[in-house]
Amino acid sequence: MFIRLAEQHRQFVKDLVMNLQALAIVLERRGYLASCYTCGGQMNSASFMVSLGEDHLIRFLVSDYGITWTEMRDDRELMKLEGAEAIAQLQELANLVKCQMKAIPDQPDRAVEDVNEQLV
């Protein structure tokens, strides 16, 4: 049972990392300074950052050791969330991007496909 759970967790982290990469691409295309760095090719950790302007920064870290969302403004930590709460906050950011995409229907977005092409 524990081996199965460990493998499911690894797959979950890998899926989350791939989605972070896609989100960074979409945000960059929308004009935000965004990045998603991974270490090695195993996709078992990532550091995602996006600047929302005027010294407003979001940092999302994911690894086998945990998941954290940190929101900062003027180099001060406003909010730090972990686990499911961090992922829920990440969904809020993704929802904002979706709303912006609906406002610009003429631009097709292939971020997930771009990430998949990079992996091959």
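Is L20 buried or exposed? L20 is buried, with a relative accessible area of 0%. This value, like the others in this report, is computed from a predicted model.

## Overall architecture

The protein chain contains three helices and five strands. Read along the sequence, these elements follow the pattern α-β-β-β-β-β-α-α. The chain has 120 residues, of which 32% count as buried.

## L20 in helix α1

Helix α1 spans residues 2-29, and L20 lies in this helix. Because its relative accessible area is 0%, below the 20% limit, L20 is classed as buried.

A contact in space links L20 to another part of the chain. L20 and A46 are 26 residues apart along the chain, and their C-alpha atoms are separated by 8.0 Å. Strand β2 covers residues 46-53.

## The start of the chain

M1 is found in the segment before α1. With a relative accessible area of 63%, M1 is exposed. Together with F2 and L5, M1 makes a nonpolar surface patch of about 370 Å².

## A salt bridge in helix α1

The structure holds one salt bridge. R10 forms this bridge with E7, and the closest N and O atoms of the pair are 3.3 Å apart. R10 and E7 are three residues apart in helix α1, so about one helical turn separates them.

Both partners fall in the intermediate class of accessibility. R10 is partly exposed, with a relative accessible area of 46%, and E7 counts as partly exposed at 43% relative accessibility.

## Two loop residues with positive phi

M43 is found in the loop between β1 (33-38) and β2. Phi of M43 is near 55°, a positive value in a residue other than glycine. At 4% relative accessibility, M43 counts as buried.

E54 is found in the loop between β2 (46-53) and β3 (56-63). Although E54 is not a glycine, this residue has a positive phi of about 50°. M43 is buried, whereas E54 counts as exposed, at 72% relative accessibility. The C-alpha atoms of E54 and R73 are separated by 7.9 Å, with the two residues 19 positions apart along the chain. Strand β4 covers residues 66-73.

## The second largest pocket

Empty space within the model can also be described. Rolling a probe the size of a water molecule over the atoms shows where such space is left. The second largest pocket holds about 160 Å³ of space. Its lining consists of L27, Y32, L52, I58, W69, E71, Q89, E92, L93, L96, V97 and Q100. Two elements, β4 (66-73) and α2 (83-103), give two or more residues each to this lining.

Helix α2 supplies the largest share of the lining of the second largest pocket, namely six residues. By class, the lining has eight nonpolar, two polar and two charged residues. Among the residues that line the pocket are W69 and E71, and the range of β4 is 66-73.

## Summary

The predicted model combines three helices and five strands. Helix α1 contains the buried residue L20 and the pair R10 and E7, which forms a salt bridge. The loop residues M43 and E54 have positive phi values, and the second largest pocket takes the largest share of its lining from α2.

Technical notes
Residues are numbered from 1 along each chain as its sequence is written. This is a predicted model: local features need pLDDT of at least 70, side-chain atom pairs count only at pLDDT 80 or more; totals for chains, interfaces and linings use all residues. Side-chain values use heavy atoms; hydrogens and water are left out. On a 1 Å grid over the protein atoms alone, a cavity is a set of points where a 1.4 Å probe fits but cannot get out, and a pocket is an open set with protein on both sides within 12 Å along at least five of seven lines; lining residues have an atom within 4 Å of a point. Grid points are joined across faces, edges and corners, and a volume is the space filled by probe spheres set on the points. Helices (H or I, at least four residues) and strands (E, at least two) are DSSP runs, numbered from the N terminus. Ala, Val, Leu, Ile, Met, Phe, Trp, Tyr, Cys and Pro count as nonpolar, Asp, Glu, Lys and Arg as charged, and the others, Gly among them, as polar. Patches are made of residues with over 30% relative accessible area and no salt bridge: like charges are joined within 9 Å, nonpolar side chains (Val, Leu, Ile, Met, Phe, Trp, Tyr) within 5 Å. Accessible areas come from the Shrake-Rupley method with a 1.4 Å probe; for residues, only the protein chains shown count as cover. A salt bridge is a side-chain nitrogen of Lys or Arg within 4 Å of a carboxyl oxygen of Asp or Glu. Buried means under 20% relative accessible area, exposed over 50%, partly exposed in between (1.4 Å probe, protein chains only).
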